Amino acid sequence: MTVPANLKFTANDEWIKVDGKIGTIGITDYAQEQLSDIVFVEIVVAEGEVVNKGESIATLESVKAAADVYLPASGKVVAINDALPETPEKVNSDPYGEAWMIKVELTNVAELDELLDAAAYEAKIAENH
Amino acid sequence: MFIPHTDSDREAMLHTVGVESLDELFQDVPTAQRFPDLDLPPALTEMEVVSELADLAEANESVRDLTCFLGAGAYYHYIPAAVDQILRRSEFYTAYTPYQPEISQGTLQAIFDYQSLITALTGMEVSNASHYDGATAAAEAVSMAFAHFRGKRCKVVISPALNPQYRQVIRTYHDGTEVQIVGDKIDKDLKDGLQPLLEHIDQQTALVIVQYPDFFGRIYDFTALAEAVHKAGALLAVSVNPLSLGLLTPPGEFGADIVTGEGQSLGLPLSYGGPYLGIFATRQEYVRKMAGRLVGETLDNRGQRAYVLTLTAREQHIRREKATSNICSNQGVMALASTVYMSLLGKNGLRQVAELCYQKAHYAAQRLAEIPGFSLWTETPFFNEFVVHCPKPISDLNEELLDYGIIGGYDLSQDYPELQNCMLVAVTEMISREDIDLLAETLTEVCNE
């Protein structure tokens, strides 16, 4: 299980990669492992939509469970990974790469400070076990 | 199996909650109400009980003893004896899909066959394992449309010609939610057809629900309505009498997104109102928003055909508060009955039953329209039910008909105050030409007294 050092995390197992004002969002390797085989991804926001931190941006279904993905930091949606719903298994095979879900233009970068860094997220996962 | 608590079980439980005795546990219930005198007659022998129950049962007026022209959503059809015979097999004796479903391959196969038959009949791509009845299935269509648009479209347009009970159940289900129900307030002439519905459809509309044939028995071509609904980006639900689809174009062919229906006409007895069968079918693209159970066919580890509950992550027991609906059971025995019924009749048999209903109803409409003072309410094509305007209040007529052994049609003024003296007459294959002639003669007689 990997926890890349260049990302920020939520306690709810989302990651965000910040590149200037653009944040790219997905779910962590730990999250995909817990969910097991992902069979369905539905991105529930549209390009141009302004979404607040904590709002649902996607719904995932595995063979055993269903889960919502929440936005780690507020922003305007600037890109959607349209290919992901066609290949939901990418969430299992490449959670930090091809399985990105949306990109947002961040509207409140201060919110990033409330997120976990890699070390804090790893500690949080360890607590679950 | 029911296993009663033993004395030591009870003692352990009392000890756990911290009371000494059952009396102490119930001390908040006033003593007089704790063990009230029930004033029961002396105990009877089994023979006496059977005799008394038989007397009570015989006091019922049954469609077997009377001639029934009452429909309005539940119909008296012939049920082949094999339906009941198969239902009584103990392997099928549970109302629910089991909690370890794949252990019951027979139950799952029956549900899979039911789903396959329903999709063939409605022209849709997927069917769930069923809901409680036609009304709850219609309410689930509203839930599904609401979930599909994620609450961004809240308006639901309901035809005033949708069964009034279904409209009530939809309101009960969605009372207190953001769903806003419009379209069935009767401020327009009920004979105007679809135009008043079209006027309600806009960008806020999630769903439009119509009935086919409608509550008054009328058949409309919904092709243009479906186009208008889709142009506004909304979904179209069609509530059907499935038996009519033996004859009519299936809703899947004119653009329905959801088909719901009351499955009672497919081999279920009237039984004073239930249990019935809620049909729910939709298009593949909406399957994850569909409530209820879904059985799929697959291969097991030996390569043999096997049945499984599939896409269960849609359901309330996994998705919980995020699910489309809190329903995750189905009407197993009733779905089985309809499966056996449809299998026995086959495509041609269903068409024959539907044609008999159609032709007999049209003969009845012609006979009743000939009676002085009686007229047909509308010229719109109909299936097995039609509205006849009578010279007297329907409740009075029905009381008189009962004296002649006839259950008259539905009194529409109960739900539609502007339809005074309007009777909704249903005719099925159980009605003979003589029965129809008797109805016409009796009505002529009681109106000329």
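Mentor: Helices here are DSSP runs of H or I with at least four residues, strands are runs of E with at least two, and both are numbered from the N terminus. The model is predicted.

Trainee: Where does that place Y272(B)?

Mentor: Y272(B) is in the loop between strand 7 and strand 8 of chain B. S271(B) is found in that loop too.

Trainee: What makes Y272(B) exposed?

Mentor: Its relative accessible area is 67%. Exposed means over 50%. Y272(B) is therefore exposed.

Trainee: Why is S271(B) called partly exposed?

Mentor: S271(B) has a relative accessible area of 37%. Buried means under 20% and exposed over 50%, with partly exposed in between. So S271(B) counts as partly exposed.

Trainee: What is notable about phi in these residues?

Mentor: Phi is positive in both, though neither is a glycine. For S271(B) phi is about 45 degrees. For Y272(B) phi is near 55 degrees.

Trainee: Which peptide bond in this loop is cis?

Mentor: The one joining G274(B) and P275(B), with omega about 5 degrees. P275(B) lies in the loop between strand 7 (258–262) and strand 8 of chain B. Another cis bond joins Y212(B) and P213(B), where omega is about -10 degrees. P213(B) sits in the loop between strand 5 and helix 10 of chain B.

Trainee: Which residues have the most contacts inside the largest nonpolar core?

Mentor: Y212(B) and Y341(B), in a core of 51 residues. Helix 12 of chain B gives the largest share, 12 residues. A second, separate core has 28 residues, among them I16(A) and L112(A).

Trainee: Why are helix 6 and helix 12 of chain B called oblique?

Mentor: Helix 6 (residues 105–122) and helix 12 (residues 332–369) of chain B pack at about 45 degrees, with axes 9 Å apart. Under 35 degrees would be roughly parallel, and 65 to 115 roughly perpendicular. The value fits neither range, so helix 6 and helix 12 of chain B are oblique to each other.

Trainee: Which hand does the crossing of helix 6 and helix 12 of chain B have?

Mentor: Helix 6 of chain B passes helix 12 of chain B in a left-handed crossing. Residues that meet there include Y114(B) and L117(B) in helix 6, and L336(B) and M342(B) in helix 12 of chain B. By class, this contact has nine nonpolar, three polar and one charged residues.

Trainee: How do you know that L356(B) in helix 12 of chain B is partly exposed?

Mentor: Its relative accessible area is 37%. Buried needs under 20%, exposed over 50%. L356(B) is therefore partly exposed.

Conventions
Residues numbered from 1 in each chain as written. Chains lettered and ligands numbered in written order. Predicted model: local features only at pLDDT ≥ 70, side-chain atom pairs only at ≥ 80, totals over all residues. Heavy atoms only, no water. Axes fitted to C-alpha atoms, helices over the stretch in contact; angles between N-to-C directions. Parallel < 35°, antiparallel > 145°, perpendicular 65-115°, else oblique. Left-handed = near helix turned anticlockwise from the far one by under 90°. Contact = heavy atoms within 4.5 Å. Nonpolar A, V, L, I, M, F, W, Y, C, P; charged D, E, K, R; others polar. Buried < 20%, exposed > 50% of the residue type's maximum accessible area, 1.4 Å probe, protein only. Core = buried A, V, L, I, M, F, W, Y, C linked by side-chain atoms within 4.5 Å.
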